[in-house]
Structures are given as structure tokens and as C-alpha cells.
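Here are a few notes to read alongside the model. Keep the 3D view open and pick out each residue as you meet it.

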Amino acid sequence: MTVTDDAFPSGDPAPELLEGRLWVDGCFDFFHHGHAGAVVQARQLGDELYVGVHSDEAILENKGPTVMTLKERVLATDACRWTTKSIPNAPYVTQLDWISHFGCKYVVHGDDITSDGSGEDCYRFVKAADRFKVVKRTPSISTTDLVGRMLLCTRTHFIKSLERTLAGEEGHGTDAERKANGNDMRERIRLYATDETAKNPGADVWFWSAAKGEATKQDGAKNARSSFKELFRGIGPKLGQRVVYVDGGFDLFSSGHIEFLRMVTQAEEDLARKDGWYSQQAVNERKGKGADYGPVFVVAGVHDDEVINSWKGVNYPIMNIFERGLCVLQCRYVHAVIFGAPFTPTVPYLTSLPWGTPDAVYHGPTSFMPLVDDVYTAPKEMGIYREIGHHEYEDVNAGTIVQRIMKSRDLYEARQKAKGMKADIEAAHKQREALEEAQRKKEAER
């Protein structure tokens, strides 16, 4: 993908404004589930959704520094299942001529106020023209919240058991409050598991649990008594599709994860091309059965918070399993998610997947959690292990994103203070440095 400065060419005739083509814009810094929540709600209001992404310079001038580059942020919006098209370098203050150029009649935004560097409403022009629609803001999450977790090393966001939390059996508050929160979380998972229209079931969602006393989340499923439990049923694999498995923490879901998943899809498409999947006859046959579709069904296993923290320490993961799962679910390269997947995918685990034994298990070059033993011994012995080669984002993971923030801490501290953060951020930063250094020494000794 190439980000250019001519996304809004001059002199072109203005297209017809389409009722069903909507516009949403933003910074989308390390594109998280809060951003995806706005996108999916916007997509529900129309047939197409154009996503405008502000430049690094515009964001710095009006808000503060970005964590991810424009290219990385556009990569993320492109990967969102409900995005029709990403438009880079969109103006920070939304302009009528800009959205009209792309045929978008309405702009959609959350019910919070967004201001420019002068303190004026960024959507004042589209509101005055009655071309503005409002959706609910995703509660309890923002880029600023996540940066705060990094700087302050908090762990209060961890979830012990997502399944029990969704059932209202764990969490904060009264029984009634836990039940209500669990229902809200469950419905959010259902929303993020919708198809590209944001209106119908799309991705499959399952839980995996180890047999008590027989296996651990770290070790994997050691016997057949480990179980899968369905949360939501999606479209499922279609005729002729290969089922492939990937797993990880997917913390601060970003360019390293996205490019890996895109390359898994590309590798499977290349393989299918050799097998004649894209021949005109094969395409016509699939269309004759309803609609054409791709050759791969990607299942993503997402590890529990305790598994990641046992390997990485400090306060990793920065996002809890619920948040990380939502980030994975919204990605167009993923068709099913398994919450609580084991760290080691063993033969019993892989052969008992709800969709059958996978045709391939993929692993990428991005390294975050240090490995003492080879956790992919089983798929290698089964002859289904595949590796994705090097790519330009392979060094981007939760740790490197935290380091980006630490290196520019003065700018981020100013941003946090402007948001009303009261803690001693400088002291928090020093604490984080000490914890990260201690973790590096621990990993080196393994």
C-alpha cells in the first residue's frame, strides 16, 4: 500500500452524493477496538464506508504526536472488515468539499466532542449543512487510555476468565452490575463478529478451556478432554476453503500483526492460484452457488492475559483478552477467533478444532514473547507448519510500540497532562524503565 498526497485531486468533476456512502474520519492511532466500534456502527448506517485518516503533521498540530505513522494507520483502516476505502491525508477539520468529492453525503462520528487546535468543533461545517450522523462512543477505551496504561504500568485491566466475566460471574461491582457488564461485552463481541455489511453473522467465536488438572494455558491441550465451547456461530468454512490456524497475544494490534495476517491470506491465495482456484470456470462455479469467496478460512487463537504476563511480565498485555479479541475480530483477514487458546498448539488441540484439523499452521517473523522451547513442534511433526517471510513491519509489536512512547515521553506526558492525568508521570516512566530492564535480564537468563 502506498500513501500519497494526491488523495483529493483537483479539477475532477464532483460525483453524485450517495445516500448509502458514508464518511468517517480520525487519527486511528494504533487502531484499537474503540476505533473499530465507530467504524462498525457507521457501516450499519449505509452501504459503503469511506475512512479518512489524518496526516501525522495535522495530528501533531491539533492534538499531539502519533504513535504509528500514517502508512501504518492506513494499513490498519484498510484491514478493517467494514471499510470500503481508506483516504489518507484527510483534513483534521472535516470539509464539505472533501467528503462531497468522494460522493459521501453524510459524516458519522461518536457522541463525544472533537476539537481542533483552536478549540473549535472539527465537525462544525458538516453539522451546519445537516450532513452529520452520531453513533455511540465505545466506553472506557481511547488511545490516551492505552498510553496511560503504558506510562503508569497498571494491571487493573487484566481479565482472569473472559468466559466467566461474560457470564457476570467475575469482575467489579455488584452482581447486577457484573451481569449487565457481561451482557454488554457479549453483545460487543457479537457486533464485531458481523460480516462486511455489519448486519449479519460473520466470524465464528469460540472459547477453549484446558481439562482441569491435565493441561494449562501455557502447555496446551494435553488430552482430548480439553474442550471448545461456541459463543457465536458465523458463516464458517465454505466449500473448498482451506482452514489455517494462527495464534498469538495480538497485544496493541497493529501493523506487525496486520501484515502477517495479510501475508497468510496472500500465501493461501498464491497456493490456490496454482491449484486453479482463480480460473474462470472455478469462479463461475462458486458464483453459481451464491457468491464468490476466497480460498482460505483463517482461525486466530488469542492467548489469555495470564499466559502473556507469565512470559512478558511488567504489565503486559497492555490490552486485556476482551480488547485484543475485538481487535482481531474486526480484521478482514480473520474468519474465526478462539478466546483462551493455549500457548502451545499440541496435536490433541489441533485435531479437535471445531473446523477439523487445520490444513496449515502459520507463524510469522514478529517476536514478542521469548521462547525457550519450540512451541510449534506438533504442527511441524504433523507436516502442516508454515512460516511467513520477512516484511517491513516485522519489528512492530507491543514492546516496540511502548518503546516509541518512552522515547518521546515528554510529548506524550504533555498529551496525558492535557487530558487531566494527575499522577506523577515522570516517576511512572522511571518505574517502567526499571521493570522493562528487569524483564529483559530475566528473558536473557532463560
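1. Start with the largest nonpolar core of this predicted model, which has 83 residues. Those with the most contacts inside this core are Phe30, Met150, Leu162, Ile189, Val246 and Leu252. Helix 12, residues 321-329, gives the most to this core, with six residues. Apart from this core lies another one, of 22 residues, including Val243, Val307, Ala341 and Tyr376.

2. Which residues does Ile189 touch, once its neighbours within four places in sequence are left aside? Try selecting Leu166, Val205, Leu231, Phe232, Phe322, Leu326, Leu329 and Phe339, since Ile189 is in contact with these residues.

3. Next, find helix 6, residues 143-152, and ask how many of its ten residues are buried. Eight of the ten are, so helix 6 is largely enclosed by the rest of the structure. Its buried residues are Thr143, Thr144, Leu146, Val147, Gly148, Arg149, Met150 and Leu151. One of them, Met150, is also listed among the residues with the most contacts inside the largest core. Just after the helix, Cys153 takes a positive phi of about 60 degrees.

4. Helix 15, residues 398-407, makes a good second example. Its buried residues are Ala398, Gly399, Ile401, Val402, Ile405 and Met406. Seen down the axis of helix 15, these residues fall within an arc of 165 degrees, so they line one face of the helix. At the N-terminal end, Asn397 acts as a cap: one of its side-chain oxygens lies 2.8 Å from the backbone nitrogen of Gly399.

5. Now look at Asp29, in the loop between strand 1 (18-26) and helix 1 (33-43). Is Asp29 buried or exposed? Its relative accessible area is 3%, and buried means under 20%, so Asp29 counts as buried. A polar atom of the Asp29 side chain lies 2.9 Å from the backbone nitrogen of Met68.

6. Finally, a word on empty space. Rolling a probe the size of a water molecule over the atoms shows where such space is left. Here the count comes to one cavity of 30 Å³ or more, and about 40 Å³ of space lies in the largest cavity. Its lining is made by Phe28, Phe30, Phe31, Met68, Glu72, Arg73, Ala76, Phe253, Ser254 and Ser255. Helix 3, residues 70-79, gives the most to this lining, with three residues. You have met two of the lining residues, Phe30 and Met68, already: Phe30 in the largest core, and Met68 beside the Asp29 side chain.

Terms used: Residues are numbered from 1 along each chain as its sequence is written. This is a predicted model: local features need pLDDT of at least 70, side-chain atom pairs count only at pLDDT 80 or more; totals for chains, interfaces and linings use all residues. Side-chain values use heavy atoms; hydrogens and water are left out. A nonpolar core is a set of buried Ala, Val, Leu, Ile, Met, Phe, Trp, Tyr and Cys residues joined through side-chain atoms within 4.5 Å. Buried means under 20% relative accessible area, exposed over 50%, partly exposed in between (1.4 Å probe, protein chains only). Helices (H or I, at least four residues) and strands (E, at least two) are DSSP runs, numbered from the N terminus. Contact means heavy atoms within 4.5 Å. A polar contact is a pair of N or O atoms within 3.5 Å; within protein, one must be able to donate a hydrogen and the other to accept it, and residues adjacent in sequence count only if both atoms are side-chain atoms. The arc is that of the directions from the helix axis to the C-beta atoms. On a 1 Å grid over the protein atoms alone, a cavity is a set of points where a 1.4 Å probe fits but cannot get out, and a pocket is an open set with protein on both sides within 12 Å along at least five of seven lines; lining residues have an atom within 4 Å of a point. Grid points are joined across faces, edges and corners, and a volume is the space filled by probe spheres set on the points.
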